[in-house]
Amino acid sequence: MEFVEGVWAYLGSRAFLDGAINTMKLTLVSQIVAVLLGFIIALAKMSKWKLLQGFAASYIWIFRGIPVLVQLIFVYTALPQFGIRLTGFQSAFVALALNEAAYMAEIVRSGLASVGKGQHRAANALGMNSWQRMRYVVLPQAFRVIVPPTANQFIGMLKTSAMASVVGYTDLLLTAQQTASANFDYVDTLIAAVIYYLVFTALFTFIQSYLERRMDITRSRKRKSPLFSLMKRGKSIL
């Protein structure tokens, strides 16, 4: 009972609440920027211009090949030598967003490539320009491929954000470490941090499941079909 009370006290403490908010803030901001940047890089890699293709391919190769921790430390400790000084949050945001953008670029590219060429030709036949074709034909179909792995990347970013503690950003992990160092209560503090991480993961998983259900064509068609309505009425009568 004493153990449960100790963990509960840490969960409701101001320090852990602030750490949880900081963790979620870093996760959301970094991942959203990574999605946008990844979309631009994906378009560059699919471009007809060799220069853009080479830039995108090089970006993906470099940032996927260097460990995230190395990028974090480089941004925080090496950039000041060039006159660029960033806070712990800014350093973590820059490193995580740039690294994640390389992975998101491949996810977006695979989603865009999943739309058949026949769809593009049909859009051209209807007189659509490039923007209209992307907006009304390609993206609605590509999103069904892009959303599930993107939701997984949000969960991955949540866990990767714990590395921000090495550059002094007060996230959940650093809060747990500092609290444990002050009172030598490592078990309760780390378990409290773990509970917060699990709750955030469950939240992202719920949102992912909801989006997948909303974008499931077969499910929506089934609901609208007359046969499904008759079956549903029959069950209600029985």
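This tour moves through the model one selection at a time.

**Before you start.** The model is predicted: local features need pLDDT of at least 70, side-chain atom pairs count only at pLDDT 80 or more, and totals for chains, interfaces and linings use all residues. Residues are numbered from 1 along each chain as its sequence is written, and side-chain values use heavy atoms, with hydrogens and water left out.

**Whole chain.** Show the cartoon. The chain has 11 helices and zero strands. Helices here are DSSP runs of H or I with at least four residues, strands are runs of E with at least two, and both are numbered from the N terminus. Now turn on the surface. The chain exposes about 14,600 Å², and carbon and sulfur atoms supply 67% of it. Areas come from the Shrake-Rupley method with a 1.4 Å probe. Of the 238 residues, 36% are buried. Buried means under 20% relative accessible area, exposed means over 50%, and partly exposed lies in between (1.4 Å probe, protein chains only). Next, contacts, meaning heavy atoms within 4.5 Å. Among contacts between residues at least 6 apart in sequence, 75% join residues at least 24 apart.

**Select 14-45 and 88-113.** These are helices α2 and α5. Two packed helices are described by the angle between their axes and the distance between the axes. For α2 and α5 the angle is about 45° and the axes are 5 Å apart. Axes are lines fitted to C-alpha atoms, for helices over the stretch in contact, and angles run from 0 to 180 degrees between N-to-C directions. The pair is therefore oblique. Angles under 35 degrees count as roughly parallel, over 145 as roughly antiparallel, 65 to 115 as roughly perpendicular, and the rest as oblique. α2 passes α5 in a right-handed crossing. Right-handed means the near helix is turned clockwise from the far one by less than a right angle; left-handed means anticlockwise. The residues of this contact divide into 21 nonpolar, three polar and five charged. Nonpolar covers Ala, Val, Leu, Ile, Met, Phe, Trp, Tyr, Cys and Pro; charged covers Asp, Glu, Lys and Arg; the others, Gly among them, are polar.

**Keep α5, add 50-65.** The added helix is α3. α3 packs on α5 at about 125°, with axes 8 Å apart. This pair is therefore oblique. The crossing of α3 past α5 is left-handed. Show sticks for Y59, I60, F63 and R64 of α3, then L98, N99, A101, A102, Y103, A105 and E106 of α5; they make the contact. They divide into eight nonpolar, one polar and two charged.

**Select 68-78.** This is α4, with V68, Q71, L72, V75 and A78 buried. Their cover includes α3, α5 and α7 (130-160).

**Go to α8, 172-183.** Pick L172, which lies in this helix. L172 counts as buried because its relative accessibility is 0%. Its C-alpha is 5.4 Å from that of A20, 152 residues away along the chain. Beyond neighbours within four places in sequence, L172 contacts F16, G19, A20, T23, A193, Y196, Y197 and F200. Move along α8 to T179. T179 is buried because its relative accessibility is 17%. With the same neighbours set aside, T179 touches Y10, F16 and T189.

**Last stop: F184.** F184 sits in the loop between α8 and α9 (186-214). Most residues other than glycine have a negative phi. F184 is not a glycine, yet its phi is positive, about 60°. At 65% relative accessibility, F184 counts as exposed.
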